Amino acid sequence: MIIVGVDGSQAALAAVGWAVREAGLRGIGLRVVHVMPAWAFEMPEDVPHADVGRWMRGGAADILAQGVQRAQAEGGAVEVESQLLPGDPRLGLIEAAKGAELLVVGSHGQGGFLGMLVGSVALGVSGHTSCPVAVVRAAPAGQDAPGAVWDGPVVVGVDGSPAGADALAFAFAEAAARGAELRAVHAWSGPVIEGAPGVLTAEGEREGGEQRVLAEALAGWGERYPDVKVAAQAVNGHPVDVLKEASAGAGLLVVGSHGRGDLTGLLLGSVSHSLLHHAHCPLVVVPPR
């Protein structure tokens, strides 16, 4: 099951379109979820101003209906259901995503959690779900209507950590399902310390070491996915700049949520925040198993 959060915004509907296509690739169902204030969700009918609660619940039902309609407009045989939840949007989505294969959210919206997504909500959801989180920042021109798709290679950030291996696993499976090329990008900057603290490698040795990190991370994956074309690249630069550039023209950018080094070690801090703002394609954050 894939879970997608909606709030009535165009960004949320774009996320639904992306999510239903993803569900079709995986052959699984899609659940459209909206989280509303608990006081309105739980308001009894025999209290003063009960009509306010009814109005808000009606609006929430309309939001869900719009999400379901967008999913159905994509066509295909994906089973679509909806769910209305009370409470804090972050907690509601985290709870809804338990047992799911993927949680999908839009990057901007009007109010609710989607309106704040590039801030605390996105980071909070990405840091606490047990499944990967896809953030659909924006659709390129001509690709935001029903039936449109995100074309291009799957780009994955590689750092040699266990979390990076989880991101690679997701990215290879995604590239295979899409019939797309996989671009494995390892970004590095600044001196590397090997062995005893303070011992720095020469520049040439540094570059060779980073190439080995990338090669070791990719070892064995080609045998598991022989039909996936892989382009590997080790780049001297800050991970935000390198991955932002790599995401241009890509169909998907995949990163791990924890690990060593600049990329995953800081993913829920400045790096992820920057990518949420500036990635040119949907971003998937893969948590450690």
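This is a short tour of the structure above, one selection at a time.

Before you click, note that the model is predicted: local features need pLDDT of at least 70, side-chain atom pairs count only at pLDDT 80 or more, and totals for chains, interfaces and linings use all residues. Residues are numbered from 1 along each chain as its sequence is written, and side-chain values use heavy atoms, with hydrogens and water left out.

**Whole chain**

Start with a cartoon of everything. You should find 11 helices and 10 strands; these are DSSP runs, numbered from the N terminus, with helices being H or I of at least four residues and strands E of at least two. Of the 289 residues, 48% count as buried, where buried means under 20% relative accessible area, exposed over 50% and partly exposed in between (1.4 Å probe, protein chains only). Among contacts (heavy atoms within 4.5 Å) between residues at least 6 apart in sequence, 76% join residues at least 24 apart.

**The sheet**

Now select the strands. The 10 strands make an open sheet with mixed pairing, in the order 3-2-1-4-5-10-9-6-7-8. Two strands pair if DSSP finds at least two bridges between them. At the edges sit strand 3 (80-86) and strand 8 (230-236), each pairing on one side only. From one strand to the next, the twist averages 20 degrees.

**Strand 10**

Pick residues 283-286. Strand 10 runs antiparallel to strand 5 (residues 133-136), with three bridges joining them; look for Val133 and its bridge partner Val285. On to strand 9: four bridges join strand 9 to strand 10, and here the pair runs parallel. Gly256 stands opposite Val286. Which residues of strand 10 are buried on each side? Leu283 and Val285 are on one side, Val284 and Val286 on the other, so to speak a strand with both faces covered.

**Helices 1 and 3**

Select helix 3 (residues 50-73), which packs on the sheet and touches strand 2 (30-36) and strand 3. Its direction makes about 155 degrees with that of strand 2; axes are lines fitted to C-alpha atoms, for helices over the stretch in contact, and angles run from 0 to 180 degrees between N-to-C directions.

Add helix 1 (residues 10-26). Helix 1 packs against helix 3 at an angle of about 45 degrees, with their axes 9 Å apart. To see the meeting residues, show Leu13, Ala14, Val16, Gly17 and Val20 from helix 1 with Gln66, Gly67, Arg70 and Ala71 from helix 3.

**Helix 9**

Next, select residues 239-247. Helix 9 lies across strand 6 (154-157), strand 7 (182-188), strand 8 and strand 9 (252-256), at about 160 degrees to strand 7. Its buried residues are Pro239, Val240, Val242, Leu243, Ala246 and Ser247. Looking down the axis of helix 9, you'll find them within an arc of 165 degrees, so they line one face; the arc is that of the directions from the helix axis to the C-beta atoms. Turn to the face away from that buried side and you meet the exposed Asp241 and Glu245.

Zoom in on Ser247. Is Ser247 buried or exposed? At 0% relative accessibility, Ser247 counts as buried. Leaving aside its neighbours within four places in sequence, Ser247 is in contact with Leu253, Ala279, His280 and Cys281.

Last stop: Gly249, which follows helix 9 and has a positive phi, near 85 degrees.
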